[in-house]
Amino acid sequence: MTSPENRRPGSGRRTNRDRHGRGLRGRLVPATVPLARTKAEVFDDLVLDTVETLERRFAKELAGVEFAVEDVPPELNVYDSDVLEDGEVPLARLLPGRPGRQEVPPRIVLYRRPLEFRAMDREDLADLVHDVIIEQVANLLGVDPDELA
């Protein structure tokens, strides 16, 4: 076996170099161009924008409420009254909390794919997400949705 001093450059294990020995060249995207965002990340941002706006106005009422996003609704034959539907397709679900020994906080779940399917563009999706969250928060608090908007 040859000693490390006698090895030829490029033989053995490579470390952070391409086949020409130059290594990585730098960023793949210029610093002035924003990196691409997935549809799920864009959707999460829309939900977060609406939730932050509501939490600023109703911090006390929404203190323990969890907001979640799922890609698609679970397959159930019949949905309860806690589900906001468009025809037969659920758009969101309100899971009321359970006080007691195993306290479960209230949770509002939005279903991303059905909402995206109903929107024409990003602005329409933002409006739809806002309306659905307002509707679910109003149901949770027992108020008219117009009072929250």
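Begin by selecting α1, a helix of 19 residues that reaches 28 Å from its first C-alpha to its last, which is close to the 27 Å expected at 1.5 Å a residue. Keep in mind throughout the tour that what you have on the screen is a predicted model.

With α1 still selected, colour Val42, Phe43, Leu46, Val47, Thr50, Val51 and Leu54, which are the buried residues to look for in this helix. An α-helix has 3.6 residues a turn, so residues three or four places apart point the same way. If you now show the surroundings of α1, the elements that cover its buried residues include β1 (66–70), β4, α2, α3 and α4 (145–148).

**The whole chain**

Zoom out and colour by secondary structure, and you can find four helices and four strands in the chain. Following the sequence from its start, you pass through them in the pattern α-β-β-β-β-α-α-α. Of the 149 residues in the chain, 26% are buried. Among contacts between residues at least 6 apart in sequence, 54% join residues at least 24 apart. Switching on the surface shows about 11400 Å² exposed by the chain, and carbon and sulfur atoms supply 49% of that area.

**The sheet**

Next, hide the helices and select the strands, which form an open sheet of four in the order β1-β4-β3-β2, with mixed pairing. Because β1 and β2 stand at the edges and have a single partner strand each, one side of each is left without a neighbour in the sheet. Turn the view to look along the sheet, where the twist averages 15 degrees from one strand to the next. Bring α1 back into view, and you will see that this helix packs on the sheet, touching β1 and β4, with a direction that makes about 165 degrees with that of β1.

Now select β2 (residues 83–86) together with β3, since these two strands pair in the antiparallel sense over four bridges. One place to zoom in is leucine 84, whose bridge partner in β3 is alanine 92. β2 and β3 form a hairpin with two residues between them, and in the turn you can pick out glycine 87, which has a positive phi of about 70 degrees.

Moving to the other side of β3, add β4 to the selection: β3 and β4 also pair in the antiparallel sense, over four bridges. Here leucine 94 stands opposite isoleucine 108 in β4, while arginine 93 stands opposite valine 109 in β4. How enclosed is β3 by the rest of the structure? Five of its seven residues are buried, so β3 is largely enclosed.

Show α3 next, and follow this helix as it lies across β1, β2, β3 and β4, running at about 40 degrees to β3.

**The nonpolar core**

Which residues touch the most other members of the largest nonpolar core? In this core of 23 residues, they are Leu110, Val129 and Ile133, so named here for you to select together. The elements that each supply at least two residues of the core are α1 (39–57), β3 (89–95), β4 (107–111) and α3 (122–141). Of the elements, α3 gives the most to this core, with seven residues.

Centre the view on leucine 110 and display its contacts, leaving aside residues up to four places away in sequence; among those it touches are Phe43 and Val47, Ala68 and Val69, Leu91 and Ala92, and also Val129, Val132 and Ile133.

**Two arginines in α2**

Finally, select arginine 112, which is found in helix α2 (residues 112–118). Is arginine 112 buried or exposed? Its relative accessibility is 10%, and therefore arginine 112 counts as buried. Not counting residues up to four places away in sequence, arginine 112 touches Lys39, Ala40, Phe43, Val69, Glu70 and Asp71.

Step along to arginine 113, whose place is also in helix α2. With a relative accessibility of 49%, arginine 113 counts as partly exposed. Its contacts, with residues up to four places away in sequence again left out, are Asp71 and Val72. To end the tour, draw a distance between the C-alpha atoms of arginine 113 and phenylalanine 43, and you should find a separation of 9.7 Å for two residues that are 70 residues apart along the chain.

How values were computed:
Residues are numbered from 1 along each chain as its sequence is written. This is a predicted model: local features need pLDDT of at least 70, side-chain atom pairs count only at pLDDT 80 or more; totals for chains, interfaces and linings use all residues. Side-chain values use heavy atoms; hydrogens and water are left out. A nonpolar core is a set of buried Ala, Val, Leu, Ile, Met, Phe, Trp, Tyr and Cys residues joined through side-chain atoms within 4.5 Å. Buried means under 20% relative accessible area, exposed over 50%, partly exposed in between (1.4 Å probe, protein chains only). Contact means heavy atoms within 4.5 Å. The expected span of a helix is 1.5 Å times one less than its number of residues. Two strands pair if DSSP finds at least two bridges between them. Axes are lines fitted to C-alpha atoms, for helices over the stretch in contact, and angles run from 0 to 180 degrees between N-to-C directions. Accessible areas come from the Shrake-Rupley method with a 1.4 Å probe; for residues, only the protein chains shown count as cover.
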